[in-house]
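Student: I should like to learn how to read the features of a protein model. Might we work through one together?

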Amino acid sequence: MKFGTKVIHAGIHPDPQTGAVMTPIYQTSTYAQEAPGKHKGYEYARTQNPTRSVLEANLAALENGTHGICFSSGLAAMDAVMRLLNPGDEIIASNDLYGGSYRQITKVHERYGIKGHFVDMTDPANVQKSLNENTKIVWIETPTNPMLSIVDIQAVCALVKGSGALVCVDNTFASPYLQTPLDLGADLVLHSATKYLGGHSDVVMGAVVVKDEKLAESIYFLQNAVGAVPGPQDCFLVLRGIKTLHLRVQRACENAAKIAAFLLGHPKVGKVYWPGFENHPNHAIAKSQMRGFGAMVSFDLANDSLEEANRILSSTHLFTLAESLGGVESLIGHPASMTHASIPKSERLKVGLTDSLIRLSVGVEDVDDLLADLQKAI
Ligand SMILES: *Cc1c(COP(=O)(O)O)cnc(C)c1O
């Protein structure tokens, strides 16, 4: 099955009871048993829920994995992956990481004896430098947030292979429409389904996808034992969102390309970050490992004025000033004070995250209206 068919059909069948074409929302906490222990595969809804199972099967197919495991948020999904580690274990992560992921590693897991290394993964040699016998996870985020650098997934996986460490790729920014890390050698894929998968800014959810039975068992165990599961209504919403994933991301990418070109030509704009530019330092890798360049664009101002950035952030009408990304509507955000406020300024500046940096999540509106909105605000 090709991608555009998978989003609509993979793992999804009419309800065997009623023929309902859309997956029903099984809003139940428990299931009747015929005799003690004799049941239809469903005992208690933290452990199994039919709406969730359909979504999990669909996600596994989209990422070319064997198992999808859903959580109540992207960070809950990350927490499950991190709980594979024991005290003394180490994780190597991108230094340009989603703020909440950085906070979870440094403020939660480091308290339990796990050591985090944050390196510039655009040069895989930096991963090699921190890799040792205690490394259990290498955590890649690509494209990175908000600088939109690209990490060569295949190169990092090749380097880590044989070391005993697992490679997990946070595929939130690309979505499986643009990038399937398991095909490039990764062991786990993580999603904040809140973003492109859900696609309508109406649900918070996370997911892990793997291609190995034993690893799947470990994550299912944590899903049940720790219990951060999504509700069936949320699973329904994400299933519904996924049906148009390919159409939404395709249009959003086309819009983003035009907006990136517009920003590049604007005299008030400083740097524009978008991996589709031929002179983007990681353009060649983006081209080889992604099927499009994504719909996130970041830029800063030529004079790096925070006041000027604040004025722009409050002046757009179609771009809503809000955290998050990946919905049908365009959003504008200020990483230094919003998504990345939990990262110290000295760390932020190391990756080029200046005070005037503005991040756009380009939606699927008519691009002419989006361009006019930005033109007026800037
Ligand atoms: C939003 C996001 C997360 C966290 O997901 P939640 O659903 O908000 O918990 C993790 N990684 C990336 C790249 C994100 O954008």
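Tutor: We shall consider a helix, a loop residue, and then the pockets and cavities of this predicted model.

Student: Let us begin with the helix. What span does helix 2 reach from its first C-alpha to its last?

Tutor: Helix 2 covers residues 50–62, which makes 13 residues. The span from the first C-alpha to the last is 19 Å, close to the 18 Å expected at 1.5 Å a residue.

Student: How is helix 2 placed with respect to the rest of the structure?

Tutor: One begins by asking which residues are buried, that is, under 20% relative accessible area. Ten of the 13 residues of helix 2 are buried, so the helix is largely enclosed by the rest of the structure. The buried residues are P50, T51, R52, V54, L55, E56, N58, L59, A60 and L62.

Student: Is there a general idea that helps in reading such a list?

Tutor: An α-helix has 3.6 residues a turn, so residues three or four places apart point the same way.

Student: What is found at the ends of helix 2?

Tutor: At the N-terminal end, N49 acts as a cap: one of its side-chain oxygens lies 2.8 Å from the backbone nitrogen of T51. Just after helix 2, N64 takes a positive phi of about 55°.

Student: Where is S305 placed, to take a residue from a loop?

Tutor: S305 is in the loop between strand 9 (296–301) and helix 12 (306–313). Its side chain reaches the backbone nitrogen of E308 at 2.9 Å.

Student: Why does S305 count as buried?

Tutor: The relative accessibility of S305 is 16%, and therefore the residue counts as buried; the cut-off is under 20%.

Student: Let us turn to the pockets. What is the volume of the largest pocket, and which residues lie nearest its centre?

Tutor: A pocket may be described by its volume, its lining and the classes of the lining residues. The largest pocket has a volume of about 490 Å³. It is lined by 17 residues, of which D15, P16, Y26, Y42 and P50 lie nearest the centre. P50 is also one of the buried residues of helix 2. The lining comprises nine nonpolar, six polar and two charged residues.

Student: How many residues line the second largest pocket?

Tutor: The second largest pocket, of about 300 Å³, is lined by 22 residues, with G74, L75, Y98, S192 and K195 nearest its centre. Helix 3 (74–82), strand 4 (135–141) and strand 6 (188–192) are the elements that give two or more residues to this lining. Helix 3 gives the most, with three residues. By class, the lining has eight nonpolar, nine polar and five charged residues.

Student: Where does the second largest pocket lie with respect to the domains?

Tutor: Domain 1 (3–242) and domain 2 (245–377) both give residues to its lining, so the second largest pocket lies between them.

Student: Finally, how many cavities of 30 Å³ or more are there?

Tutor: There are four cavities of 30 Å³ or more. The largest cavity holds about 80 Å³ of space, and its lining includes N95, Y102, H340 and R348. This lining draws at least three residues from each of domain 1 and domain 2. The second largest cavity holds about 50 Å³, and helix 3 and helix 8 (213–226) each supply at least two residues of its lining. Among the residues that line this second cavity are F71, D79, R83 and L222.

How values were computed:
Residues are numbered from 1 along each chain as its sequence is written. This is a predicted model: local features need pLDDT of at least 70, side-chain atom pairs count only at pLDDT 80 or more; totals for chains, interfaces and linings use all residues. Side-chain values use heavy atoms; hydrogens and water are left out. Helices (H or I, at least four residues) and strands (E, at least two) are DSSP runs, numbered from the N terminus. The expected span of a helix is 1.5 Å times one less than its number of residues. Buried means under 20% relative accessible area, exposed over 50%, partly exposed in between (1.4 Å probe, protein chains only). A polar contact is a pair of N or O atoms within 3.5 Å; within protein, one must be able to donate a hydrogen and the other to accept it, and residues adjacent in sequence count only if both atoms are side-chain atoms. On a 1 Å grid over the protein atoms alone, a cavity is a set of points where a 1.4 Å probe fits but cannot get out, and a pocket is an open set with protein on both sides within 12 Å along at least five of seven lines; lining residues have an atom within 4 Å of a point. Grid points are joined across faces, edges and corners, and a volume is the space filled by probe spheres set on the points. Ala, Val, Leu, Ile, Met, Phe, Trp, Tyr, Cys and Pro count as nonpolar, Asp, Glu, Lys and Arg as charged, and the others, Gly among them, as polar. Domain bounds come from an automatic or database domain assignment.
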